Amino acid sequence: MPNKYVTEEVLKQIGKAAEPRTYEVERGAIRRFADAIGDDNPLFNNEVEARKTRFGGMIAPPTFLRSMMAAFPEIRIDIPGNRGLDGGSEWEYFEPIRPGDRITVQARVTDIRESEGRLGPMVFTTVETTYTNQFGQLCAVQRATGIRY
Amino acid sequence: MTRKQIYFEDVEVGTAIGPLEKQPTTQQLVKYAGASGDFYQIHYDKDFALKNNLPGVIIHGALKNAFLGQLMTDFAGELGWLRKLSVQYRGMDQPGSTVVCKGRVTRKYVEGENHLVDCEIWLENAKGEKTTPGAATVILPSRA
């Protein structure tokens with residue numbers, strides 16, 4: 001069955017990237033984030049304790065990356081309801097995030113697909129965000145699924 | 001650090017992870033909004049939430065994601081590494097009651113030099129409903 005909303009034109013948006021943004025990671029921001037989520041792991045709030053570990057100092061909790069928001073690539077899909085849902089997200093972690101790091105965040109559209117759901121045709125979009133540190137190391141990748149119906 | 005460290009050899013398929021209990025309050029949601037930069041009003045403005053056909057303010061999906069992240073970094077310990085974490089938002093949760101993060105090991109394997117453990121994880125509400133299922137992969141240290 002041909003797609004109703006995900007046309008050839010819409011598919012051309014796969015690969016579209018938003019402007020990168022660069023953030024400096026502040027030690028206080030890591031501590032406040034760990035406190036806000038209620039995580040008392042010394043790796044995230046205690047430099048003295050964290051120095052004794054293999055990390056050699058404080059690191060950020062895995063979901064701290066959310067506080068460094070990427071510019072989002074606009075995805076144009078002409079769908080009547082124009083309702084949206086957050087379908088969830090998947091994270092991969094490669095390198096720790098440390099106080100003083102400069103992290104460049106960039107989001108890119110990696111998939112747009114249509115399927116028939118209970119509420120009619122639904123469009124699933126995947127946006128991949130990369131987090132790269134000042135040494136050019138890829139620290140993490142997030143894949144977020146958006147649902148429009 | 002005096003936290004307990006788990007090793008690859010200590011886990012089997014079926015090994016339980018957690019539980020990690022959380023009692024999010026409206027104050028915690030405000031703190032999370034500030035720390036994360038997510039200022040969508042459905043998470044702290046009750047009138048706004050009600051106008052949007054919600055039962056009241058609801059917990060940020062990202063905060064539940066963070067709770068599940070803590071479940072896994074606690075499990076992996078200082079010598080372990082959280083390699084993958086995924087969550088799906090299936091149901092809403094409101095502040096003022098207990099939510100519990102749990103998981104279990106579904107697979108253990110060696111890939112190159114890494115000792116890996118795949119886990120099924122979820123956050124459940126006071127009724128035991130899994131509102132936020134997910135999956136995680138951790139690298140654990142090995143005694144070998």
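Which residue follows α2(A), and what is the sign of its phi? A:Gly38 follows α2(A), and its phi is positive, near 75°. The model shown in these views is predicted.

**View 1. Helix α2 of chain A meets helix α1 of chain B.** Helix α2 covers residues 27-37 of chain A, and helix α1 covers residues 26-36 of chain B. Their axes come within 8 Å and cross at roughly 155°. Angles over 145 degrees count as roughly antiparallel, so α2(A) is roughly antiparallel to α1(B). The crossing is left-handed. From α2(A), the contact uses A:Arg32, A:Phe33, A:Asp35, A:Ala36 and A:Ile37. From α1(B) come B:Gln28, B:Lys31, B:Tyr32, B:Ala35 and B:Ser36. By class, five of these residues are nonpolar, two polar and three charged.

**View 2. The buried residues of α2(A).** These are A:Ala29, A:Ile30, A:Phe33, A:Ala34, A:Ala36 and A:Ile37. Seen down the axis of α2(A), they fall within an arc of 160°, so they line one face of the helix. An α-helix has 3.6 residues a turn, so residues three or four places apart point the same way. The buried residues of α2(A) pack against three elements of chain B: β1 (16-22), α1 and α3 (61-76).

**View 3. Helices α1 and α3 within chain B.** The axes of α1(B) and α3(B) come within 10 Å and cross at roughly 95°. That makes α1(B) roughly perpendicular to α3(B). B:Gln28, B:Leu29 and B:Tyr32 of α1(B) meet B:Ala62, B:Leu63 and B:Phe67 of α3(B). This contact has five nonpolar residues, one polar and no charged.

Key:
Residues are numbered from 1 along each chain as its sequence is written. Chains are lettered from A and ligands numbered from 1 in the order in which they are written. This is a predicted model: local features need pLDDT of at least 70, side-chain atom pairs count only at pLDDT 80 or more; totals for chains, interfaces and linings use all residues. Side-chain values use heavy atoms; hydrogens and water are left out. Axes are lines fitted to C-alpha atoms, for helices over the stretch in contact, and angles run from 0 to 180 degrees between N-to-C directions. Helices (H or I, at least four residues) and strands (E, at least two) are DSSP runs, numbered from the N terminus. Angles under 35 degrees count as roughly parallel, over 145 as roughly antiparallel, 65 to 115 as roughly perpendicular and the rest as oblique. A crossing is left-handed if the near helix is turned anticlockwise from the far one by less than a right angle, and right-handed if clockwise. Contact means heavy atoms within 4.5 Å. Ala, Val, Leu, Ile, Met, Phe, Trp, Tyr, Cys and Pro count as nonpolar, Asp, Glu, Lys and Arg as charged, and the others, Gly among them, as polar. Buried means under 20% relative accessible area, exposed over 50%, partly exposed in between (1.4 Å probe, protein chains only). The arc is that of the directions from the helix axis to the C-beta atoms.
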